[in-house]
Structures are given as structure tokens and as C-alpha cells.
Amino acid sequence: MKFIHSLLSASIMLASTASAAEKSLQFEDVFDFRYAHNTVLSDDGQYLSFSAKPYRGDSEGQVYDLKLNQLIASVPRGSKPHINKSATWVAFTQTPSLLDKETASKKNKKNLPKNLVLVNTQTKQQQEFTNIVDYQLSDDGSWLVYREKASDADKESDAKDSEQPSITADKEDKIHTLVIVNLNNENTLRIEHIGNYGLSPTNKGVLFNQRSDDGSKNRISFLELDNAKQHVLFDEPGITLSQVAWHPQGKLVAFYQGNYVNNDPLRRHYQLMLWDADKNETQTVASADGWFNGKSATLEWSQDGSRLYFENRPELDSKAKELKYHDEASLKDFDTIRAQKGLKIWHNKDPEIKTREIKTWEETNKKRHYKAVYHINGQRVAQLTDEQVPNLTLNTEAQFLLASNDTPYLKQTMYKGFYEDYYAVQVATGAKHFIVKESPFQPSLSPTGTHAVYFEDSQVWLKDLHEQKVAPLTAAVREAIFADDKHDYPQPQPGYGSAGWQQDGSIVYVYSKYDIWAFDVKTLQAKRLTQGRETHTQYRVVQLDDKKVGFNQDESLILEAHNLDNKQTHVATLSLANGTLTTNLADKARFDVVKKAKNADQIIFTKQTYHQFPDFWHSNLNFDKPQRVTDLNPQVSHFAWGQKPELVQYKGYDGEDLQGVLIKPAGYKKGDKVPVVIYFYRYMSQRMYDFPKMELNHRPNFPMFTSNGYALFLPDIRFEIGHPGRSSTQTMINAAQKLIDIGVAHPDKIGLQGHSWAGYQSAFMVTQTDMFKAVVSGAPVSNMTSAYSGIRLKTGLARQFQYETGQSRIGKTLVEAPELYIENSPVFFADKVNTPILIMFGDEDGAVPWQEGIQYYLALRRYDKDAIFLQYEGEPHHLKQFPNQLDFSIRIMEYFDHYLKGVPAASWITQGEAYKAE
């Protein structure tokens with residue numbers, strides 16, 4: 001095992017600093033902890049940028065020069081950084097301050113201005129451009145083009161100057177001032193009334209759509225950047241532009257051209273056009289008869305510019321005539337009267353229940369387009385998806401793509417889960433080869449399109465797509481586990497997935513429980529590439545390039561190596577050329593590789609423990625001289641954070657060996673019996689080396705408890721199909737008893753906190769045992785008989801699948817086994833509860849009907865149990881509004897402080913809060 005000296009030294013320094021800390025963490029301290037968002041690394045690997053966002057406060061944009069290993073720029077309120085290809089500029093969108101957002105009215109909040117700040121990576125100077133809508137930078141950093149939001153005064157002036165437009169643009173298609181800036185000399189050109197636009201990455205020019213007030217003089221034009229000459233390409237009343245995509249080499253531009261004369265945006269045709277800026281030649285790319293490009297169709301080039309991916313859809317039926325009252329006769333006309341009805345018909349033959357149908361219609365099907373590709377060299381179109389095979393995983397660099405169809409299985413989704421038929425699609429022709437029918441697991445397709453692997457019946461299968469022949473791939477490998485042996489759901493057992501393919505399609509790399517295996521697709525011979533089984537270490541490939549199609553035979557892969565016993569996560573490299581496996585980053589910690597430079601052997605990784613924040617480090621691919629880059633939260637050392645986490649062993653309900661993470665409070669002395677809060681869900685021990693989330697929400701903030709006299713325990717929980725309630729309860733009793741047995745937990749001071757599935761478990765556990773002295777249960781199902789046929793409002797799905805095949809693990813319908821639904825429902829045993837319980841729900845919960853909380857509260861209230869119900873208004877499944885997050889976090893602490901520490905109860909605990917409205 002290889003230890004990096006600089007990393008180990010940093011850990012020792014942090015630990016020694018933390019041990020001297022005495023200050024207890026308070027809620028206001030949580031506000032200041034910052035996390036990196038929207039992290040970007042320049043293509044050459046020299047510059048790292050992100051937005052450092054505190055939990056409560058204003059973000060700060062940061063830019064680091066990795067050659068110097070130092071911060072070179074900070075941008076107040078900087079967000080969403082973008083580095084142009086030559087890395088001459090880092091651009092930040094500068095958002096309004098938190099104070100401005102919190103004090104603005106709902107209407108004014110939408111109109112708060114945003115600015116653009118450009119950081120010059122060479123001079124470190126910053127330039128600010130105010131009131132921007134959007135922007136684009138050229139690859140070499142010479143040009144900036146952005147749209148400037150019109151002021152209210154300008155809008156009013158335009159409205160006064162213009163008469164009622166004869167050709168009306170769509171309401172959402174706003175026009176703004178286009179500003180073109182030469183960043184070499186700061187010369188600026190402004191063009192008014194601009195809709196969509198696109199800047200050539202190689203400085204050819206800017207294509208844009210200009211609109212007149214009445215629509216009669218709309219045009220699509222091109223501006224040459226080197227001489228500021230404008231050329232009108234199309235000039236006709238109502239013309240508009242929906243998308244612009246320049247060829248990577250810059251002389252060819254693709255765009256969709258439409259016309260507002262057709263005032264129905266859904267049915268308006270947008271013609272796909274190609275314009276050559278050098279030759280001033282325009283070409284139309286036509287779809288098949290009966291198909292058209294709609295307004296929401298997208299455009300994307302392959303990286304070499306040989307293929308243009310676009311979207312189209314079949315012609316839509318004409319819009320039905322809308323019947324409205326318009327004269328005396330219409331007031332008594334049956335058709336007109338019934339046209340005003342409010343009605344949705346739910347029919348048993350509907351593929352989806354109405355809530356799901358509406359959801360998928362509004363979010364997907366209403367504007368659904370299908371993928372097609374235009375091959376530039378052959379000047380031909382291949383239709384990749386259609387109504388029979390509608391779904392596609394697009395990788396613009398692949399010659400074969402994975403497509404699927406879930407339409408035949410939409411009805412059974414409501415009770416069985418998600419299944420699809422899978423196909424391989426050839427990009428060159430659009431030809432499809434069938435892979436597997438009605439599968440809940442996504443296959444993996446070879447780069448050459450000749451083979452695919454998929455998981456079924458507890459093993460991996462290899463399919464020859466040309467011969468349509470299938471062979472068992474993993475059946476002969478007896479010493480490895482390829483089916484998930486921790487799967488405890490009443491549904492098909494999944495595998496561990498695949499790592500990818502060799503570029504030529506000759507080898508597929510498959511995961512077993514611990515290792516990576518290489519299978520020859522011709523001989524089916526297997527070769528184990530890692531040695532994880534012997535040490536219980538799970539090796540997985542770190543995928544850093546989402547455009548990567550396959551591995552080269554001499555490539556070195558970066559691996560994550562997670563030990564299932566001690567929970568350490570290391571980084572290793574595997575040479576495919578000679579099979580050498582090298583551990584590069586190792587410590588009692590968790591390492592994560594997060595970025596690789598596109599054109600350089602530079603990577604960004606993090607290292608974290610419970611006491612060490614996951615700051616960024618950078619290194620080359622040999623990991624021989626890693627350097628720490630950031631120090632986002634130095635204040636960690638100021639607080640009594642808690643003791644070093646420990647793994648505790650105990651037995652599951654069936655005697656299985658399980659683990660949990662125990663974090664003793666700061667200042668703990670051997671022999672102390674302390675109050676313990678147990679936070680859980682399913683598997684939690686993998687968090688052994690995770691730095692705790694420094695936020696306030698539906699879960700306890702771990703250091704808030706371990707810094708203030710509590711031990712925190714994160715146990716693994718296992719379930720028995722058909723009996724999830726009693727199996728999780730017995731497992732939890734065993735885990736809590738172990739804490740008592742080892743002398744850490746005071747037997748009368750153990751509390752539970754869980755949310756959603758763990759909210760259900762905690763609500764059920766107190767009907768079976770009095771071991772726990774207080775429980776906080778967030779968003780629990782309390783009555784499985786009613787929840788079974790409820791609806792998950794966020795997705796529109798019926799909840800039946802959750803019980804028959806999913807998380808709730810009943811495994812049978814309500815009709816087949818009503819006794820199991822009753823056995824596992826806390827509401828039927830409310831009279832047995834002797835533990836104080838705090839129930840929390842958002843009353844717009846889209847996952848669990850919040851009435852489940854009301855049912856349990858009313859049942860407990862009927863038996864005069866110590867129960868409090870918190871209803872957070874307008875909140876979904878997890879609290880989103882900051883005042884509610886803070887309020888609930890404070891109440892969790894007050895609740896446990898009272899019942900586990902004996903602190904005098906807050907008034908809301910003893911007498912609630914009366915409703916009083918002014």
C-alpha cells in the first residue's frame with residue numbers, strides 16, 4: 001500500500017489542530033461552511049475554477065493557477081464559471097446578493113440584474129459587464145458576445161413607439177440588445193432587438209435573429225467579426241431562429257429557421273439549415289415525409305464535425321377547434337356547454353394512470369422529438385429513433401448507440417417497476433439490432449456494435465447482435481460473485497455492472513462483487529485484472545470522460561478501491577498493457593478523483609475524513625507529486641468536532657454480521673455513558689470517512705450533535721421480504737444494545753431519527769419496543785393499506801410498485817396478503833407506543849402522501865400518546881426553504897435535548913403553538 005507523504009502529513013496536522021479545539025459548534029456556525037459548485041478544469045490542466053457557496057450567504061467565484069498552486073482571482077457572488085478553450089478567460093455569472101434576493105418582492109426578485117465578470121488568467125484583471133441575459137466566448141478568447149437585458153424604461157418606450165404587431169412572437173421569445181466586444185482592444189458594437197444568436201468558436205462571426213416591432217422586418221443575419229459587416233441571409237415577415245450550432249472548425253453553422261406567421265408554437269415547422277460562411281452557400285437538411293423539426297428540437301455536432309445530431313417528430317394532428325360562448329344560441333348548445341367541462345377520464349386500458357400520463361405529457365411527450373443524424377461527408381440523414389424505439393443514450397463520438405422502448409410496459413410500471421426493450425442503433429444507417437426484451441437492467445453495447453452484454457437470471461450474458469445468439473459469460477467463473485448478494489428487494493437480482501469495452505470490441509470488462517474481469521468475446525475466456533476478493537476491496541473504474549467510447553489496449557485506468565471491511569477508499573491505476581495494479585493514494589480516508597484535463601495528464605482529486613473537508617488536490621497521472629489546492633473551510637479546526645469515527649460490529653435480525661459508524665462526542669472519556677442519536681436508512685457504514693454535510697435539513701447535522709455532548713451512530717440495516725418492519729426493528733435493537741454493551745450509550749438516553757423510508761422504520765419501531773426514549777420521524781408511511789394505492793405526486797406514479805417489488809419489500813399485492821400490510825403498518829399498533837415521537841411532513845410532499853403523517857398522529861392522539869406533528873407549509877419531501885430547514889433543525893435538537901439530556905422542554909414540546917391569524 002502506497003502512502004503519499006504530503007497527504008499523510010496534512011492529515012496529522014489537521015488532527016492535531018482539531019484536538020486542541022474547544023468551541024462547540026452552533027447553528028449559526030453551519031451557515032459559513034462553503035462547498036465548491038460547478039467545478040471546471042481548463043483543457044490544458046492549468047486552471048481550476050468553481051463557485052464557493054456557503055450554506056447561507058453569498059457565493060465567491062475562485063480561480064486557481066495550478067502551475068503556481070495559488071488562488072489568482074476571487075469574484076464576489078461569482079457563480080457558474082466557464083473557461084474558454086484557450087484558457088485565456090474564466091467567466092462568472094455574478095448573481096444578486098442574498099440580501100437583495102431576500103428583501104425583494106416576488107415580482108422584483110425575477111428582475112434582479114445579473115452581471116458577467118471575466119477574469120484574465122494572464123493579467124489577473126477582471127472586467128465586468130452589467131445586466132446580462134446570456135453570453136458566449138470564442139475559443140481563443142478574442143471575442144465576447146452577450147445579450148443585455150432591456151431596462152423597464154426601454155420596454156415602455158418600445159411599447160409606445162410600436163403599434164399592435166401584426167405577426168406576434170411567442171411570449172417566451174424575448175428580445176434584447178446584442179453586445180459584441182473585441183476583448184483585444186475593447187471595441188464594442190451593439191445591435192438592438194436580438195433573439196437567438198450564435199458566436200463562431202473560430203471568430204468567423206455571429207449569426208443572429210433580429211426582430212422588428214410588428215414582425216414585418218424580421219431577419220436572420222450574419223456579422224463578420226473582423227470588419228463588422230452585416231449580411232442578411234433571410235429577410236421576410238415573421239422569420240425566427242430557434243437554435244444555432246457552429247461547426248467545431250467554425251466555417252459551417254447549423255440552425256433551425258421558423259416563422260411566427262404560424263402562431264401555434266407546437267405545430268410550427270422549423271427548417272434545419274446549414275450555411276457555409278466562406279462560400280455563402282445555404283443547404284436544407286430535410287426530414288422524411290410526414291416529419292418536421294419543432295421549436296424545441298436540439299442540435300449537436302460530433303467533436304470532429306463529421307456528424308450533426310438533430311431532432312424531428314411526426315406531423316401532429318390539427319388543433320381542435322375551441323368552442324366558446326359567443327352568441328345566445330351558443331349558451332344552450334350542448335357541444336359548447338360540454339366543452340367548458342372540467343373532466344379527466346381514468347380508464348383501465350390507459351397505458352399510464354392519469355397523473356402519470358399528465359406528467360409525462362407535459363414534461364416529455366407534448367414536445368417529444370426523435371434523434372436523427374446528418375452525415376456531412378455523405379450528405380445523408382439517418383433516423384436513429386422513432387415511435388417504435390423512442391429512447392436513446394446519445395454519445396456523439398460513438399458509431400453505435402443504445403436505444404430502448406418502454407411503451408409495452410408502461411401499465412405494469414405501476415406495480416412491477418421499470419422495464420424496457422433494448423436495441424443497438426447504427427449511427428451510419430439508423431439500422432437497429434435487438435438486444436434484450438423486457439429488462440429492468442440497462443445493457444452495455446460494444447463500440448463496434450457487434451456484441452452487447454446484459455444481466456439476467458443472476459449472471460451476465462453476451463449476445464452476438466449479428467447472429468442474435470446468446471452465451472452465458474460469467475457462469476463458468478465459480479470463484480466470483482456477479483449478482484448483488486446484498487440485494488433484499490422482491491424483484492430481480494441485479495448485477496454489479498460493466499466497466500466498459502476495449503475500443504475494438506474484442507474485450508468486455510465486467511464487475512464482480514470485488515473485482516474487474518476481462519472477457520474475450522470470441523473465446524469467452526475470463527481474466528481477473530484486480531485482486532480485490534482477497535482483501536474485500538471493491539475495484540471500480542473512474543469514468544472521467546463522458547464521450548469516451550472504449551479503452552485502448554495500452555491504456556492505464558484510474559480505479560476507485562473501496563474496502564468493504566474498513567471503509568477506506570483509495571485510488572489505484574491499472575495498466576491494460578501489462579496488468580500492473582498500483583495503489584497510488586492510500587490513507588485512513590476517502591479519496592475521490594473528480595476531474596481530468598481534456599488535453600493534459602492533470603487530475604483533480606479530493607481527500608476527506610470526518611474531520612477533514614474534501615478540499616481539492618491536483619496531480620499528474622502518476623500521482624507522484626500531489627499538491628493541495630484549496631482550503632475552503634479552515635474554521636473546522638476551531639470546533640470540538642467529535643471523536644474519530646469507529647466501526648462497531650453487531651448482528652442483523654438473521655444473525656448476519658453488520659457494521660455501524662460510531663462517532664463519540666468531543667471530550668469523550670472512556671467509561672462515559674452518553675446520550676446517543678441513531679440516524680439511519682439502509683446502509684450507512686460506508687460513510688465512515690465522509691466529511692459530514694454542513695447544512696441543515698431533514699437529517700441531523702452530525703457535528704452539531706457530536707460537538708454538543710451526543711454520540712452519533714450510523715448503523716447498517718437489513719430487511720426481510722414481507723416483514724421489513726420487524727426485521728429492521730430487531731436489527732436496530734441489536735445495534736443499540738451493542739452500544740450499551742460496549743459502555744458508550746446510556747440505556748435511557750438513546751434516540752432515533754430517520755426520514756422517508758427510515759421515517760417509516762422509526763415510526764414502526766416504537767410500536768414494537770420501548771428501548772428508545774425519543775424518536776424524530778420524517779415523512780413516514782404509517783398505513784401501508786392506504787399508501788399502497790396512493791400516488792407519488794412528484795412523478796405521478798402509483799405507489800403499488802413500491803410495495804410489490806420496491807423499497808417497502810412486501811412482495812405481494814394488498815389482496816394477496818392483507819395481513820402483511822397490516823403487520824407492517826405502525827398505525828395499527830398506535831396503542832402500543834410509549835415513546836415520545838415527533839412527526840414531520842411537508843404538506844406538498846410528492847413522494848409520501850402527507851396524510852400518512854396525519855393518520856399516525858390522529859391514531860396516537862386517540863390513545864393520548866406523546867405525539868407532536870410538524871406540518872411545514874408548501875414543502876416537498878425534503879425541506880427546501882431555508883427558514884423551515886433551520887426551524888426543524890433547532891426543533892430536532894430541542895426535542896432530543898429534553899428527552900435525552902433532561903433539558904427543560906421548549907414550550908412547543910409541552911403545549912404546542914396555538915393558531916392565530918391577524
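In this predicted model, K80 sits in strand β5, which runs over residues 78–83. K80 is exposed, since its relative accessible area comes to 53% and the cut-off for that label is over 50%. This lysine also has company: K53, K80, K101, K109 and K114 come together on the surface as a patch of positive charge.

Negative charge gathers on the surface too, in a patch made up of D327, E328, D333 and D335. E328 is found in the loop that links β22 (307–314) with α6 (334–338). With a relative accessibility of 65%, E328 counts as exposed.

The loop between β22 and α6 also holds Y325. Here the label changes: Y325 has 42% relative accessibility and so counts as partly exposed, a class that lies between the 20% and 50% limits. Y325 belongs to a nonpolar surface patch along with L331, F334 and I337, and together these residues offer about 430 Å² of accessible area.

Then there is helix α7, which spans residues 354–363. Its buried residues are K354, R356 and T360. Because they cover an arc of only 160° around the axis, they fall on the same side of α7. As for the face turned away from that buried side, it carries E362 and E363, both exposed. In α7, then, K354, R356 and T360 are buried, while the exposed E362 and E363 are on the face pointing away from them.

Methods
Residues are numbered from 1 along each chain as its sequence is written. This is a predicted model: local features need pLDDT of at least 70, side-chain atom pairs count only at pLDDT 80 or more; totals for chains, interfaces and linings use all residues. Side-chain values use heavy atoms; hydrogens and water are left out. Patches are made of residues with over 30% relative accessible area and no salt bridge: like charges are joined within 9 Å, nonpolar side chains (Val, Leu, Ile, Met, Phe, Trp, Tyr) within 5 Å. Accessible areas come from the Shrake-Rupley method with a 1.4 Å probe; for residues, only the protein chains shown count as cover. A salt bridge is a side-chain nitrogen of Lys or Arg within 4 Å of a carboxyl oxygen of Asp or Glu. Lys and Arg count as positive and Asp and Glu as negative; His and the chain ends are not counted. The place of a charge is taken as NZ of Lys, CZ of Arg, CG of Asp or CD of Glu. Helices (H or I, at least four residues) and strands (E, at least two) are DSSP runs, numbered from the N terminus. Buried means under 20% relative accessible area, exposed over 50%, partly exposed in between (1.4 Å probe, protein chains only). The arc is that of the directions from the helix axis to the C-beta atoms.
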